[in-house]
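Student: Could you take me through one part of this model up close, starting from a single side chain and working outwards?

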Amino acid sequence: MKLNQGEELVTTTRPHARVLIWPVVALLIISALAGVGLAVVSEDDRQWGHPVVAGVGVALVLLLVVNPLARWASTSTTLTTQRLRTRSGILGRTGHDLPLNRVVDVTYRRRPGDLGFGSGTLLLTTVAGHLLRLDNLPRIKDMYQAVSELVADVAPRTEPEEPWR
């Protein structure tokens, strides 16, 4: 990532690894079902039965395991002293850079499933009223604290440099 002059990298993160729990569970189930499927194919049908079972297993692994893993690996959130940068996508990339001086509100939300993992959703409201939602961030309290402090540091001053006398 190329930084602007005077800009420093604070942190880069991916979605919390807990989003990979279901793909791992799917891999275990698909493996077990494929093993059973290969075992129950009769001797007369093995010539075409084994390739069919294996093909279905591979297709399910690609859809339910590799796809979520690739989506997780290709998603990142980078916080610098001047902006918040998000990137996602496997083949088609989507990115968003939000200057921190455009943020007017920083909040976070933790659902019951997030509590044991320390993850959560960061919600940023811009001066234009748009909401940027970053789901499944690890260490959500630390990210919230860092973004809040940086937003306060880069916020435009609303009071004059020299007070009226």
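Tutor: Sure, let's start with a polar contact: the side chain of Glu-7 reaches the backbone nitrogen of Asn-4 at 2.7 Å. Keep in mind that this is a predicted model. Glu-7 is found in the segment before β1, which covers 9–13. Is Glu-7 buried or exposed? Its relative accessible area is 6%, and the cut-off for buried is under 20%, so Glu-7 counts as buried.

What does Glu-7 touch, once residues up to four places away in sequence are set aside? The list is Thr-80, Thr-81, Gln-82 and Arg-83. Arg-83 takes us to the next element, as strand β3 spans residues 83–88. β3 runs antiparallel to strand β4 (residues 94–99), and 6 bridges join the two. Within that pairing, Arg-83 stands opposite Pro-99 of β4. The hairpin of β3 and β4 has 5 residues between the strands, and Gly-89 there takes a positive phi near 120 degrees.

Moving on along the chain, there is an open sheet of 3 strands, ordered β5-β6-β7 with antiparallel pairing. β5 (103–109) and β7 (131–137) are the edge strands, and each has a single partner, so one side of each has no neighbour in the sheet. From one strand to the next, the twist averages 15 degrees. β5 and β6 (residues 120–126) pair over 6 bridges in the antiparallel sense, and Val-103 has Thr-126 of β6 as its bridge partner. Lying across β5, β6 and β7 is helix α4 (residues 140–154), which runs at about 170 degrees to β5.

The last piece is a pair of helices. Two packed helices are described by the angle between their axes and the distance between the axes. Here, the axes of α1 (residues 21–40) and α2 (residues 46–73) come within 9 Å and cross at roughly 180 degrees. Angles over 145 degrees count as roughly antiparallel, so that label fits α1 and α2. On the α1 side, the contact is made by Pro-23, Ala-26, Leu-27, Ile-30, Ala-34, Gly-37 and Leu-38. The α2 side contributes His-50, Val-53, Gly-57, Leu-60, Val-61, Leu-64, Val-65 and Pro-68. By type, the residues of this contact divide into 12 nonpolar, 3 polar and no charged.

Methods. Residues are numbered from 1 along each chain as its sequence is written. This is a predicted model: local features need pLDDT of at least 70, side-chain atom pairs count only at pLDDT 80 or more; totals for chains, interfaces and linings use all residues. Side-chain values use heavy atoms; hydrogens and water are left out. Axes are lines fitted to C-alpha atoms, for helices over the stretch in contact, and angles run from 0 to 180 degrees between N-to-C directions. Helices (H or I, at least four residues) and strands (E, at least two) are DSSP runs, numbered from the N terminus. Angles under 35 degrees count as roughly parallel, over 145 as roughly antiparallel, 65 to 115 as roughly perpendicular and the rest as oblique. Contact means heavy atoms within 4.5 Å. Ala, Val, Leu, Ile, Met, Phe, Trp, Tyr, Cys and Pro count as nonpolar, Asp, Glu, Lys and Arg as charged, and the others, Gly among them, as polar. Two strands pair if DSSP finds at least two bridges between them. Buried means under 20% relative accessible area, exposed over 50%, partly exposed in between (1.4 Å probe, protein chains only). A polar contact is a pair of N or O atoms within 3.5 Å; within protein, one must be able to donate a hydrogen and the other to accept it, and residues adjacent in sequence count only if both atoms are side-chain atoms.
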